[in-house]
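Work through the following exercises with the structure open beside the text. Each task is followed by a solution that proceeds step by step.

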Amino acid sequence: MQVSLFTTCLTDSYYPQAALATVRLLQHLGCTVDCPTAQTCCGQPQFNNGLHDQARSLARHFIDTFQHAPAIVSPSASCTAMIRDYYEQLFADDAAYLPRARDIIAKTFEITEFITTVLQPDLAALNPRSTGRITYHYSCHSRGLNLSPDVTINLIKSIEGIDYVPLEKMDQCCGFGGTFAVKLPDVSAALVTDKVACIRATNADTVVVNDGGCTLNIAGACRRQRLPVRFVHVAQLLAEALGLMDHPGDMHP
Amino acid sequence: MTATSHNKHPFPKAIKTALANDYLQHALDTYPRQRTGRVVNALKELPDLEHVRQQARRIRDYSLAHLDTLLAQLADNLEQHGGHVHWARDADHARQLITDIAGQHNCRLAVKTKSMTTEEIALTDALSRAGLETYETDMGELILQLDNDHPSHIITPMIHKSRQQVGRLFQQKLGISYTDDPAQLIGAARAHLRDKFRRADLGIIGVNFAVSQTGSLVMLTNEGNGRLTAARPRVCVALMGMEKVIPSLADLALLLKLTVRSAVGSRITVYTNIITGPARPDEPDGPEQLHLVILDNGRSNILASPYRDLLACLRCGACLNACPVYRKIGGHAYGSVYPGPIGTALTPLLEPDLHTTKNMLELCSLCGACLERCPVNIDIPRLVINQRRDLNNARGNSRLYRCGLAAWAWAYRTPGRYTFCQRALRLLLRPLARKGWIRRLPSPWTAVRDLPLPAKKLFRDLWKQDRQKP
């Protein structure tokens, strides 16, 4: 199956290993992957802050870039949800782009969603193996994709040899929320502090995530509070467990 | 000042105060999550929950689309049963109507049920000013009234107060010896209220639903005081937001299933009152007079706006319990009668001044937990985003953010500029970093977190390398 990778800005600059793992994983599961280098940003920061004209201009560029892709897969639930939940609204009054936006919406997936609903591989047969005590933070925008926490949890549990430990309040927002983190700094700080405390209580050595924004926030707070945990994208965890990565990595090398 | 706010949105200060209050933080971290757990379990009992939610939403949408005819039918039917109907344009008008009714019937002492709509119009203060002794009879609201406080949650109004605080309050205000045993505190409240009920000649009740086909008012409570308030005094005044009307008792049956489960996590409330007119000649109980005040107070404008969905709200409070922001700052910091997600989206429309709107719309991280829990699928995050759009179009938001985000959009519109900026970010931050992390920046970000340095290579560079491999 032919797949185009939607890297997302944050993954492109901060978490390239997560994108690389996504590519390797997709290839391992039988996909041919390309990564259009014309891609930029989906427009979410502008959209969420009410600058819908600017968001629309970025969305047009996105649609132009990916229009011929048979499927678009992204390592970020948040950016995927931006497209899936809001592109139709953005182009509601644009007769030329509305059908194109709908076409894009129908073929855009977050990686765990793509694996579990489209590819549906027999993961156990691929024999993924790893070690470690692993917990998982549910990224809020997975909700916008109707992805329950179980989707990623089941992927984690499919890996032989790891010890999964649930995170208390796993589905409580970490306080990132894009500009929310700097516009309401006290609330954001309280939320991320809460998240770090919950991670600490699990005694996990690894936190699995599926969004760069949450990771930037939670990992930064863990480091400030001297909590030594490794952050890995779920695709990275799987790719490593399948022996697809050159070396096991942290998202922050 | 309209009556919606009881403190004038001093957000940063109110937020800091809330975050520094240990008891509040404990309560907000504990009870809303417990409640959500019970709600989720109670909803699981409904076969095909999603279908029930959609049906409920259809009933609410139908009601809003036919509000004029349903309200007229409600008024006709209620009047046929001997009730009186009054239409209130806004909070002032509603207060005036109700104090006039009290005056005409020589009422001296009013008892009232818990009702967010009476809070919205600040009715208790108005009645006191008009010379009526007015007593809250809901346990939570009574405590708040004795403490000169306000509700901080739609369903559990005194979530911010501990048993011990209530014990000390009752010791001081009701003259009992200190106890924090809930049964004894409730006993003390009952003893305090019994005399008020005996003397009351005006009962003020809230309305959860009004059924137009039968002219019935529905009031849900878990304490008997609501029923006593409606039945004992000779005059009963019901206040309802105009959006509360629904067509039929069959619709009510479906909505009750969802409302009660979503609000308190039980199948049904202890008291489900369906009030159809004043006492009939052969009935020993019930008021001689029943007046219904139907309140607009900005609702017509919302009905005609792109934000009509918000009027489908059942006021179950499930969104408050789910909201991470509410669970940190509590209800008072919103500075609005309606806190939490529904308050965030509704307050700027009920009280459309720029200051309120701007501050209110920031109180949302767009996490979507509210939508997940809303029994009628109100897409609050979308409605918040769209109000931010309106604010931006009116140039009401922060200029710094407006210009910054516009510049960002311009820069990221072409791959060339995008790649340049993404690379420049690392170069710009690198002098500030040690071992790949930055500890201090002139931004609130680094107050509680380090910022990692962007990776050495963008993914697009890795991608080119990866492809060049044999």
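**Exercise 1.** Determine in which hand H4(A) passes H6(A), and describe the geometry and the residues of their contact.

*Solution.* In this predicted model, the crossing of H4(A) past H6(A) is left-handed. To obtain the geometry, take helix H4 (residues 52–66) and helix H6 (residues 97–106) of chain A, whose axes lie 10 Å apart and pack at an angle of about 65°. Next, list the residues that make the contact: H4(A) contributes Arg60(A), Ile63(A) and Phe66(A), while H6(A) contributes Tyr97(A), Arg100(A), Ala101(A) and Ile104(A). The spacing of such positions can be read from helix geometry, because an α-helix has 3.6 residues a turn, so that residues three or four places apart point the same way. Finally, sorting the contact residues by character gives 5 nonpolar, no polar and 2 charged.

**Exercise 2.** How many residues of helix H13 (residues 234–241) of chain A are buried, and which elements do the buried residues pack against?

*Solution.* Count a residue as buried if 20 or more other C-beta atoms lie within 10 Å of its own. By this criterion 8 of the 8 residues of H13(A) are buried, and the helix is mostly covered; among them are Gln236(A) and Glu240(A). Then identify the partners, which in chain A are helices H2 (16–28), H7 (111–119) and H9 (149–157), together with strands E7 (206–209) and E8 (230–233). Continuing along the chain, Gly243(A), just after H13(A), adopts a positive phi of about 70°.

**Exercise 3.** Establish where the domains of chain B lie.

*Solution.* The domain assignment places domain 1 at 21–300 and domain 2 at 399–468, and the C-alpha centres of these two domains of chain B are 53 Å apart.

Technical notes
Residues numbered from 1 in each chain as written. Chains lettered and ligands numbered in written order. Predicted model: local features only at pLDDT ≥ 70, side-chain atom pairs only at ≥ 80, totals over all residues. Domains from an automatic or database assignment. Axes fitted to C-alpha atoms, helices over the stretch in contact; angles between N-to-C directions. Helix = DSSP H or I, 4+ residues; strand = E, 2+ residues; numbered from the N terminus. Left-handed = near helix turned anticlockwise from the far one by under 90°. Contact = placed C-beta atoms within 7 Å. Nonpolar A, V, L, I, M, F, W, Y, C, P; charged D, E, K, R; others polar. Buried ≥ 20, exposed ≤ 12 C-beta atoms within 10 Å, placed from the backbone.
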